[in-house]
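Colleague: Could you walk me through this fold? I'd like to go piece by piece.

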Amino acid sequence: MVTVETLTTYLDSVFQAYACPEDFSRNGLQVECPGEISRVAFSVDARLEVFQKAAEEGAQFLFCHHGLFWGNGVAAIRGRMGKAIRFLVQHGLSLYGMHLPLDAHPLWGNNAQLALALGIPLAAQTPFGLSRGLPVGILGDFPEALSLEEAGCRLEKALGSPCRLYGGEGSARIRRLGMVTGTGGKYLEEAQRGGAELFVTGELGHVEGITSLEVGMPVLVGGHYATETTGPKAMMAQVQKHFPQLTCLWIDAPTGL
């Protein structure tokens with residue numbers, strides 16, 4: 001029998017070495033509906049559409065990269081927050097959120113898994129880019145140099161969605177990549193100082209776009225949502241392996257951003 005407590009204890013142990021007390025997310029079990037569980041859902045964002053899809057699939061536990069509770073917590077349970085919490089409780093759906101530690105995890109993290117999907121072995125990945133004390137990005141070397149166009153094709157194949165090359169010529173060849181999934185543009189120059197010839201992130205702001213052009217660093221933009229699907233999917237595989245009696249399922253709810 002697997003309970004909410006059993007699964008929570010396991011997940012906490014996976015991320016214990018990467019705990020981040022200064023993270024602006026309230027990581028861990030955020031909404032508890034105690035009891036036995038048989039179906040576990042995984043997704044990127046804790047939002048009503050995801051909750052509804054998870055409930056329709058009969059899930060009793062939901063793992064998300066972006067949870068509900070941020071900063072100092074909830075000031076009032078009303079509006080959007082009230083609707084979300086009411087839905088979770090009424091449908092017996094526990095919510096577990098894991099933010100920066102999932103970005104930083106060297107095996108199951110968003111960056112590690114996406115770089116691996118692009119063809120960079122885990123052994124060729126080096127952490128960089130501190131956020132709240134955790135390195136949330138990676139520098140990695142491809143086994144062989146490839147063109148920016150080929151790197152873009154690999155990213156689109158890995159994510160299953162379009163990406164955009166900002167700056168640089170598609171035929172230019174690169175060997176070292178810097179990556180910070182989600183919103184990672186502020187780490188662009190640090191990646192370049194680390195020898196990166198290409199930067200990969202989810203979204204690029206106006207100011208970071210200008211920086212990219214001025215320092216001559218091409219950027220592949222894959223979408224905040226899409227680039228942060230890799231960590232939750234890796235955790236889904238791990239939970240399924242550790243608890244074979246559970247049914248694990250993916251809830252896809254892209255924002256297009």
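Colleague: Which residue in E9 does methionine 179 stand opposite?

Modeller: First, a caveat: this is a predicted model, where local features need pLDDT of at least 70, side-chain atom pairs count only at pLDDT 80 or more, and totals for chains, interfaces and linings use all residues. Residues are numbered from 1 along each chain as its sequence is written, and side-chain values use heavy atoms, with hydrogens and water left out. Strand E8 (residues 173-183) runs parallel to strand E9 (residues 198-203) over five bridges; strands are DSSP runs of E with at least two residues, helices are runs of H or I with at least four, both numbered from the N terminus, and pairing takes at least two DSSP bridges. Opposite methionine 179 in E9 is valine 200.

Colleague: Which strands are the edge strands of that sheet?

Modeller: The sheet is open, with six strands in the order E5-E6-E8-E9-E10-E7 and mixed pairing. Pairing on one side only is what marks its edge strands: strand E5 (125-131) and strand E7 (164-166).

Colleague: And which helix packs on the sheet, touching E7, E8 and E9?

Modeller: Its direction makes about 125 degrees with that of E6 (134-147); axes here are lines fitted to C-alpha atoms, for helices over the stretch in contact, and angles run from 0 to 180 degrees between N-to-C directions. Besides E7, E8 and E9, the helix touches E6 and strand E10 (219-221), where contact means heavy atoms within 4.5 Å. That's helix H6 (residues 148-159).

Colleague: How far is the backbone oxygen of glycine 194 from a polar atom of the arginine 176 side chain?

Modeller: Arginine 176 is in strand E8. Leaving aside neighbours within four places in sequence, its contacts include Leu139, Asp141, Gly194 and Glu197. For the atoms you asked about, the distance is 2.8 Å.

Colleague: Over to the five-strand sheet: what is its strand order?

Modeller: It's an open sheet with mixed pairing. Strand E1 (28-31) and strand E11 (247-250) each have a single partner strand, so one side of each is left without a neighbour in the sheet. The order is E1-E4-E3-E2-E11.

Colleague: In E4, what is the bridge partner of leucine 62?

Modeller: Strand E3 (residues 61-66) and strand E4 (residues 94-97) pair in the parallel sense over four bridges. The partner of leucine 62 in E4 is leucine 95.

Colleague: How are H2 and H3 oriented to each other, roughly parallel or roughly perpendicular?

Modeller: Helix H2 (residues 48-56) packs against helix H3 (residues 79-90) at about 10 degrees, axes 10 Å apart. The cut-offs are under 35 degrees for roughly parallel, over 145 for roughly antiparallel, 65 to 115 for roughly perpendicular, and oblique for the rest. H2 and H3 are therefore roughly parallel.

Colleague: What about H5 and H10: at what angle do they pack?

Modeller: Asn110, Gln113 and Leu114 of H5 meet Thr230, Gly231, Pro232 and Ala234 of H10. Helix H5 (residues 110-118) and H10 have axes 7 Å apart, and the angle is about 90 degrees.

Colleague: Which residue forms an edge-to-face aromatic pair with tyrosine 10?

Modeller: Rings of Phe, Tyr and Trp (its six-membered ring) pair with centres within 6.5 Å; planes under 30 degrees apart are stacked, over 60 edge-to-face, the rest tilted. This pair sits at 5.5 Å centre to centre with 90 degrees between the planes. Tyrosine 10 lies in helix H1 and its partner in the loop between helix H10 (230-242) and E11, so the pair ties together parts 233 residues apart in sequence. The partner is phenylalanine 243.

Key:
Polar contact = N/O pair within 3.5 Å; in protein donor to acceptor, adjacent residues only side chain to side chain.
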